[in-house]
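Q: Please take a close look at one helix of this model and describe how it sits among its surroundings. A formal, connected account would be most useful at the bench.

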Amino acid sequence: MSVFKTDSVSVACLRYLQIKAIFSNYPRTAPTRSSWIHCPHLTNRAIRAPSRCDRSFSTTTARQDWLTPKRPEVRKSHVGRPRMPTGGSMRGTTVVWGDYGLRMKDHDRRVSAKQLKNAEETINRRLRGERFRLYKRVSANIGVYTKGSDVRMGKGKGKFDYWAARIPVSRVVFEIKSNLHEQVVRDAFRLAGNKLPGLWEFVKKGDPPMVGITKLGNGVTLEKLKEARREVEPKDKKSPQPIISSAMEVPPQTIATELDPPPTTVHVSP
């Protein structure tokens with residue numbers, strides 16, 4: 001009985017080795033799903049082998065990278081400048097999803113994707129082991145093209161160099177939502193601000209918004225900022241014309257002025 005059992009196990013092991021050899025020689029031209037194949041004689045062992053069910057499409061979207069646009073640029077981007085909210089817009093100047101944020105303070109500028117990546121890695125390194133969620137409020141979707149230093153003028157903008165983001169003044173770049181102490185998050189944002197160009201400030205949820213570099217609050221409202229600081233004259237206002245009386249209506253040739261030369265007399269001898 002024991003001999004028969006030993007023979008059956010050896011046959012099962014040989015069959016397992018044959019199946020493994022077949023699947024190892026099978027060319028994998030497309031991503032395959034894995035399935036579990038249980039050997040009836042080896043109850044404590046499970047063989048994980050790929051199946052031949054191929055999927056030519058996926059129902060889930062690929063993970064989006066905030067440092068690289070989804071599609072390449074159709075036309076090369078100009079250098080340009082970040083858009084300024086001249087109409088009184090406060091969008092992007094407050095913390096929306098998180099509890100704390102990092103906001104640009106001094107001047108608008110163009111920040112490269114490498115600098116943003118360094119700032120993100122700095123925050124993750126400082127808060128390693130903590131439970132938090134980091135939100136990115138900007139995206140690097142502007143292409144930067146450069147030329148060599150000894151290239152003559154003309155012949156295009158040059159080749160692609162890196163991706164960058166145009167960040168206006170008072171724009172929140174990073175947000176963090178967690179139960180961490182405020183000083184810990186402040187320290188993480190301080191280290192991230194050292195990796196980025198310019199001056200940055202720490203903001204909390206509920207802080208007043210910004211219009212340009214002006215902070216609303218303490219009596220400063222958006223309506224007061226929109227008011228004219230001096231009286232503006234209407235464009236359709238007509239200037240009054242001078243009134244000339246009838247006594248002044250004299251032909252111009254009869255009016256004597258001081259600039260007229262004096263009359264001269266000519267004596268003719270007989």
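A: The account below follows helix H2, from its place in the chain to its sheets, its partner helix and its buried residues.

The model is predicted: local features need pLDDT of at least 70, side-chain atom pairs count only at pLDDT 80 or more, and totals for chains, interfaces and linings use all residues. Residues are numbered from 1 along each chain as its sequence is written, and side-chain values use heavy atoms, with hydrogens and water left out.

**Setting**

The protein chain holds 4 helices and 11 strands; helices (H or I, at least four residues) and strands (E, at least two) are DSSP runs, numbered from the N terminus. Of its 270 residues, 25% count as buried, where buried means under 20% relative accessible area, exposed over 50%, and partly exposed in between (1.4 Å probe, protein chains only). Contact means heavy atoms within 4.5 Å. Among contacts in the protein chain between residues at least 6 apart in sequence, 74% join residues at least 24 apart.

**The two sheets**

Helix H2 lies across strands of two sheets, S4 and S7 in one case and S5 and S8 in the other. Two strands pair if DSSP finds at least two bridges between them. Angles run from 0 to 180 degrees between N-to-C directions, and axes are lines fitted to C-alpha atoms, for helices over the stretch in contact.

The first sheet is open and has 3 strands in the order S4-S7-S6, with antiparallel pairing. Its edge strands, each pairing on one side only, are S4 (109–112) and S6 (142–146). From one strand to the next, the twist averages 50°. S4 and S7 are joined in the antiparallel sense by 4 bridges, and Arg 109 has Ile 167 of S7 as its bridge partner. Between S6 and S7, also antiparallel, there are 5 bridges; here Tyr 145 stands opposite Phe 160 in S7. H2 runs at about 70° to S4.

The second sheet is likewise open, with 4 strands in the order S5-S8-S3-S9 and antiparallel pairing. S5 (132–136) and S9 form its edges, each pairing on one side only. Direction ignored, its neighbouring strands are turned by 20° against each other on average. The antiparallel pair S5 and S8 is held over 5 bridges, and Tyr 135 faces Glu 175 in S8 as its opposite residue. H2 runs at about 20° to S8. H3 also packs on this sheet, where it touches S3, S8 and S9, and its direction makes about 30° with that of S3.

**The partner helix**

H2 and H3 pack with their axes 8 Å apart, at an angle of about 155°. The two helices are therefore roughly antiparallel; angles under 35 degrees count as roughly parallel, over 145 as roughly antiparallel, 65 to 115 as roughly perpendicular and the rest as oblique. Their crossing is right-handed, that is, the near helix is turned clockwise from the far one by less than a right angle, an anticlockwise turn being left-handed. On the H2 side the contact is made by Gln 115, Asn 118, Ala 119, Thr 122, Ile 123 and Arg 126. The H3 side contributes Val 184, Asp 187, Ala 188, Phe 189, Leu 191, Ala 192 and Lys 195.

**The core and the buried residues of H2**

A nonpolar core is a set of buried Ala, Val, Leu, Ile, Met, Phe, Trp, Tyr and Cys residues joined through side-chain atoms within 4.5 Å. The largest such core has 28 residues, and those with the most contacts inside it are Leu 116, Ile 123, Phe 174, Phe 189 and Leu 196. At least two residues of this core come from each of S3 (100–104), H2 (113–126), S7 (159–167), S8 (172–178), H3 (182–195) and S9 (200–204).

Leu 116 touches Trp 66, Leu 67, Val 111, Val 138, Ala 165, Val 173, Phe 174 and Leu 196, residues up to four places away in sequence not being counted.

Glu 120 is also found in H2. Glu 120 counts as buried because its relative accessibility is 11%. Apart from its neighbours within four places in sequence, Glu 120 is in contact with Trp 66, Leu 134, Lys 136 and Phe 174. Trp 66 and Phe 174 thus appear among the contacts of Leu 116 and among those of Glu 120.
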